[in-house]
Structures are given as C-alpha cells and as structure tokens.
Amino acid sequence: MSRLIVISNRVSVPDKKGNAAGGLAVALRAALEEHGGIWMGWSGNSSGDKEPEPLVMTDHGNITYALTDLTQTDVEEYYQGFANRVLWPICHYRLDLAEYGRKEMDGYFRVNRFFAHRLAPLIQPDDVIWVHDYHLIPLAAELRQMGLKNRIGFFLHIPWPPADVLAIMPVHQEIMRSLSAYDLLGFQTDHDLENFASCLKREEIGDEIGPGLFSAHGRTFRGGAYSIGIETAAFADFARKAASHSMVRKARQSIEGRDLIIGVDRLDYSKGITQRIEAFERFLGDNPAYQNRVTYLQVTPKSRSEVPEYEAMQQAVAEQAGRVNGAIGTVDWVPIRYINRSISRPVLAGLYRLGRIGLVTPLRDGMNLVAKEYVAAQDPDDPGVLVLSRFAGAARELKGALLVNPYDIEATANAMARGLTMPLEERQRRWRGMMDHLLEHDVARWCNDFLKDLTEEAKPPVNQVTLRLVP
C-alpha cells in the first residue's frame, strides 16, 4: 500500500515518551508507521477571530502530525453546533435534543472545506486517505471537487440511524450525497449498514446493487461492517499488572470485601447513566440483603461541558447519586462512588478486574469499547459478569454478556442480582467465549481489514462481524 493519510477531528499526538492513549490511536499509529503518512486534524485550540496560522507539522518516526487551529466561530458552529447538537443527537436517536440552525450547518460544511484546502497540498497521487467520524462526513466531497481521485475511505464510530430518524435532519440528503463521494464506508455493525442501505432506498437517493455495493449520485462505492476492537492482549496485561498499583490496592482495601459494580462512561446523555443509577437503587430495594454488601463505582469524566445539555446532565447525575447515597447509605457505607474525572488506562484496567459486575448500559452506542475492556481485564479463574445494553454495538458480538434494555429499570436491576449470584462455571464459560472473540477481532485486525478492503477495487468487502453464541 502507498502512504496512508488519516484525518480525524482530533489527533492523538504522542507524549514525550512516544505514547498515545487508547487502542484506536495505537492501531492507527501502527498503520501509519508501517506505510508512512500523515495524521491531520484540529489542534483543539481556537485562534479567536484571526485566520488560523499554517499547519503545525511534527514528525514522529514515519508519521507526520499536522495540526490546525480553528477560529472561535468555527468551533461554535462546526463542533459545538452542527456536529454535537445535530448529528450526534440524531445518530443516537435523541430527536428531542437536536437543534438545527442554518448558521451551524453552514459552519460545518465551511470547516470541512477548510480542512480539505489545508490537506490537499499534502496529498500525493497514490496516497490512500482514511477519514474518521461524523465531524468530517463532507470531506471527501470537498476533496473530489478539488480534483483528487485518490482512494478515500470513511469510518463512522457512532451509530447510523434508520431512514425515518435521519430524515428529521433538514440537510440529510446533502449528508447522504457527501457519503457517496467515498470509495468505502465503514460502519460499526451490520444493523448500521442495513440502516444506511435503507436510507438510500427510502429517500430514492440510490440503491444497493450487490452485497455491500452501492450506487448513488453517479458513483459506485462499497460499504461494510467493521466492528472496532481494542488492543485485547495488551489490555489484559495491563489488568494483570495493575493489581500491584497503589491506587488499585487502595480501592480494593476501601471496598472492604464488598462486591464491586463498576461503570465507566464519558458524561453523555447517550450513556444511560441516570437510568443506571435508578436501576442500582431498585436492585438494593428489591434485594435488601445486599445493602452494605455491594458498592457501585461510576467513573464519568466530563465531556463537552461547553454544550449546555452536558453541563445540565453533569449536575443531574451528581444530584441523583447524592440522593441515593443520602437515602440508603450508612455511616460506614456509601452505596455509590461517583468520580467525575479521568483515570489512567492501566489503573482503570485494574479497577475493571476488581469489578464483580461491569455495568455498561448505554441508551444507544456505536460500539462501546468499555464493554470490551471490562471483558479483557477479567481474571480467567474468577471472571466478573458483563451487564450490557442490547442497544450498544458491542451486543452484536459479546453474547456472553447479560443483555438488558436500559429503559427497563426492573430488568436491569434483576440482571445485577443474577450477575452477583452467577455460578463460577457459568461465569467462566461466558467470559471465555467473549475473550476468544476479542483476541481474534482486536483493533489491529479492524484496522487491517478496513485498509485491505479500501485498497481492493474489485470485490465488495466481506462483512467481518462475527457473532459468537454462548449457551
């Protein structure tokens, strides 16, 4: 393969030790190092009212990181506005939270045009381009208008909604037209791919002319389901080694022999955190014998606090946790420990390993890597139980989990009770099936499978989603 060009809203630039956080960053860095290339994106900084300075280029090994600032208007309209107050809620089925404005829509397309003009001079004719996520859907169309004929792929990390939901967005046809400019569209699950195909047909924009092969707006392109994984083996190693970490040891001592239920999420309305707290309260009410015998740890770093909906949610979650603790807690027992900051991945791996239950109950999620991290972190001899929302993409793969409807508070509470009383043999059988799948379908395979299909022009991509059934 020729050089690889990766474009994402934000870029994971290595720290002084050369480390980049997260499995996605690890996989993309490995691919870029192998082929040589550029990773371009927004620096996260605003230039105020001034035109941003030229790209800041930094070389690390075989990779060039190219960062650009945005004006404050760009940040407000492109990022805080259309991307996170229109596309994000609609793709997560929250039509009540979508706030469409012509100004924000114009800003979204303007910034994508700005990215294209900054990227184009860096592109060589045989470069392969990989665009990531909902912030940059129009980027390929902008590059095509500038005459670029390179292979361009797009991967959507969040869900793709059905036609009736997408059609609520006033510019949905333009978004669909933009997607047709890519050579390969990658979705998290087969359900997302089916939703995309139905959008083409229902809106009479195009059609599926073969398995994974689409025609729209005069172009033929492909689509496939590529379930993103984690660096499974490395994360399992993190968890094994984390037992000796001082913070993990203190956490183990502080729960004083109680069972630990753990949830880890960004502070986002799609994660179902308030419903989860309500379900935990219901579990304790229905199972009073577990009062003072179980602790629920919810780790929730702040997210997009500049968007009003997120600031309001932060207050609501804190108040709800405080209410439950005040109503049920005792002098020597705090039922819910709510942490509103980030924790390093090695420490987090150790906390997952302590958890008798991993509580992962988003209302809607493209994949949810927390579910996969929790499974990878478990002790094979005494694994915990994953309680997982059926509306997370991970539910298409992790059939060893206890699948729940997060809107059904009673059923989620019952799943906690079942998980805490599940026999060891059943826990081991469920965990083994999920772990074997995660070892085979790790983030490196996800990256390699997508790039292989992007660079092959002859045949539609093979859907790589593999469903593992556990009795």
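## A pocket, an enclosed strand and aromatic pairs

The second largest pocket has a volume of about 300 Å³, a value that, like the others in this report, comes from a predicted model. Its lining is made up of 18 residues, and those closest to the centre of the pocket are R252, R353, L354, G355 and R356. Two or more lining residues come from each of helix 9 (246-254), strand 11 and helix 12 (345-354), with helix 12 giving the most, namely three residues. Sorted by class, the lining of the second largest pocket holds seven charged, six nonpolar and five polar residues.

Strand 11, which contributes to that lining, also leads to strand 12. Strand 11 (residues 259-264) pairs with strand 12 in the parallel sense over six bridges, and within this pairing I261 stands opposite Y296 of strand 12. Together with helix 10 (residues 273-286), strands 11 and 12 make a right-handed β-α-β unit. Strand 12 is also joined to strand 13 (residues 336-339) by four bridges, the two strands running parallel, and here Q298 stands opposite Y338 of strand 13.

Why is strand 12 described as largely enclosed by the rest of the structure? Six of the six residues of strand 12 (residues 294-299) are buried, so the strand is largely enclosed. The burial applies to both faces, since V294, Y296 and Q298 on one side and T295, L297 and V299 on the other are all buried.

Turning to the aromatic side chains, a search of the whole structure finds 27 aromatic pairs. Two of them that involve helix 16 are set out below.

| Pair | Geometry | Centre to centre | Angle between planes |
|---|---|---|---|
| W130 and F450 | stacked | 4.5 Å | 5 degrees |
| F155 and W446 | edge-to-face | 5.1 Å | 75 degrees |

In the stacked pair, W130 lies in strand 5 (residues 128-132) and F450 in helix 16 (residues 443-455), so the contact ties together parts that are 320 residues apart in sequence. W130 counts as buried because its relative accessibility is 0%, and F450 likewise counts as buried at 0% relative accessibility. The edge-to-face pair also links distant parts of the chain, with F155 in strand 6 (residues 151-155) and W446 in helix 16, 291 residues apart. F155 is buried, with a relative accessible area of 0%, while W446 counts as buried at 1% relative accessibility.

Elsewhere, ring pairs link Y78, F82, Y108, F109, F114 and F115 into a cluster.

How values were computed: Residues numbered from 1 in each chain as written. Predicted model: local features only at pLDDT ≥ 70, side-chain atom pairs only at ≥ 80, totals over all residues. Heavy atoms only, no water. Buried < 20%, exposed > 50% of the residue type's maximum accessible area, 1.4 Å probe, protein only. Pairing = 2+ DSSP bridges. Right-handed = clockwise from strand over helix to strand, strands pointing away. 1 Å grid on protein atoms, 1.4 Å probe; cavity = no way out; pocket = protein on both sides within 12 Å on 5 of 7 lines; lining within 4 Å. Points joined across faces, edges and corners; volume = space filled by probe spheres on them. Nonpolar A, V, L, I, M, F, W, Y, C, P; charged D, E, K, R; others polar. Phe/Tyr/Trp six-rings, centres within 6.5 Å; stacked < 30°, edge-to-face > 60°.
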